[in-house]
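Colleague: Could you take one part of this chain and walk me through it closely? I would love to see how the charged side chains fit in with what surrounds them.

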Amino acid sequence: MFRNRNFLMGLGIGLMISSFIFMILPTKNQDDFSTKDQSKPLSIQEIKEAANKYGYQLYTKEEIEQIKNKNQILLQPNKDKATPISFRIDKGMSTNEIADLLYKQHIIKDKQEFLKILQKQGLVKEIKAGTYTYSPNMTMKDVIVLITNKP
């Protein structure tokens with residue numbers, strides 16, 4: 001039936017023997033981060049060096065907190081040194097256009113809140129056209145008072 005029956009049986013036995021040999025022999029992994037002394041845990045510096053080798057940067061919790069605090073300080077405007085901002089409201093501008101103008105110049109932080117306050121206090125029609133000067137220590141309510149009174 002099979003002409004090469006002995007050949008196929010030999011091939012099968014050879015595959016089984018080679019699989020068994022590969023299971024027994026220890027393999028060497030080149031990406032192994034373990035130290036020579038397996039009982040000694042890796043130090044933080046050793047872990048950082050291994051991560052840097054593969055293009056990663058590791059930070060401790062303290063370093064992360066320092067970076068966060070540094071970024072918060074950089075992102076917070078220094079209101080003492082900030083210069084006043086002048087802006088102009090033209091006649092016929094809608095409240096949405098005014099909110100966009102104030103938002104783009106970083107005078108207000110939330111357009112929707114600004115519009116809600118105007119609506120709630122009935123000041124939508126009270127906004128006066130003119131040129132205004134915004135001081136960095138002003139609140140949103142101060143800005144509303146500023147633009148609803150004559151310049």
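Modeller: Let's start with E63, which in this predicted model is partly exposed, with a relative accessible area of 26%. It gets that label because 26% falls between the 20% below which a residue is buried and the 50% above which it is exposed. The side chain of E63 meets that of K48 in a salt bridge, with 3.3 Å from N to O. This pair links distant parts of the chain: K48 sits in helix α2 (residues 44-53) and E63 in helix α3 (residues 61-75), 15 residues apart. What about K48, buried or exposed? Its relative accessible area is 19%, so K48 counts as buried, being under the 20% cut-off.

How many salt bridges are there? The count comes to four, and two others are worth a visit. In one, D90 and R88 meet through their side chains, 3.1 Å from N to O. Here D90 is partly exposed at 40% relative accessible area, and R88 is partly exposed at 48%. In the other, K128 pairs with E126, and the closest N and O atoms are 3.8 Å apart. K128 is partly exposed at 25%, as is E126 at 35%.

These charged residues also lead us to their nonpolar neighbours. Take R88: among residues beyond four places away in sequence, L101 touches R88, along with F87 and M93. L101 belongs to helix α4, and although L101 and R88 are 13 residues apart in sequence, their C-alpha atoms lie 8.9 Å apart. Now take the other pair: E126 and K128 are both in contact with I147. Leaving aside neighbours within four places in sequence, I147 also contacts F87, I89, I98, F114, I127 and Y132.

I147 brings us to the largest nonpolar core, which has 20 residues. Within this core, F87, L102, F114 and I147 touch the most other members. Several elements each supply at least two of its residues: β1 (85-89), α4 (95-104), α5 (111-120), β2 (130-134) and α6 (140-148). A general tendency is at work in such places: in soluble globular proteins, nonpolar side chains tend to be buried together.

F87 has a partner across the strands too, standing opposite Y132 in β2. The strands β1 and β2 run antiparallel and are joined by five bridges. Follow β2 along and you will see its side chains take turns: G130, Y132 and Y134 point to one face and are buried, while T131 and T133 point to the other and are not. That fits a general pattern, because in a regular strand the side chains alternate between the two faces of the sheet.

Finally, step back to the whole chain. It has six helices and two strands, and from the N terminus on the elements run α-α-α-β-α-α-β-α. Buried residues make up 17% of the 151 residues. Nonpolar side chains also turn up on the outside: M9, I13, I17, F20, I21, M23, I24 and L25 form a surface patch with about 850 Å² of accessible area together. One of them, F20, lies in helix α1 (residues 5-24).

Definitions and conventions: Residues numbered from 1 in each chain as written. Predicted model: local features only at pLDDT ≥ 70, side-chain atom pairs only at ≥ 80, totals over all residues. Heavy atoms only, no water. Patch = residues over 30% accessible without salt bridge, like charges linked within 9 Å, V, L, I, M, F, W, Y side chains within 5 Å. Areas by Shrake-Rupley, 256 points an atom, 1.4 Å probe, with all protein chains shown as cover. Helix = DSSP H or I, 4+ residues; strand = E, 2+ residues; numbered from the N terminus. Buried < 20%, exposed > 50% of the residue type's maximum accessible area, 1.4 Å probe, protein only. Core = buried A, V, L, I, M, F, W, Y, C linked by side-chain atoms within 4.5 Å. Contact = heavy atoms within 4.5 Å. Pairing = 2+ DSSP bridges.
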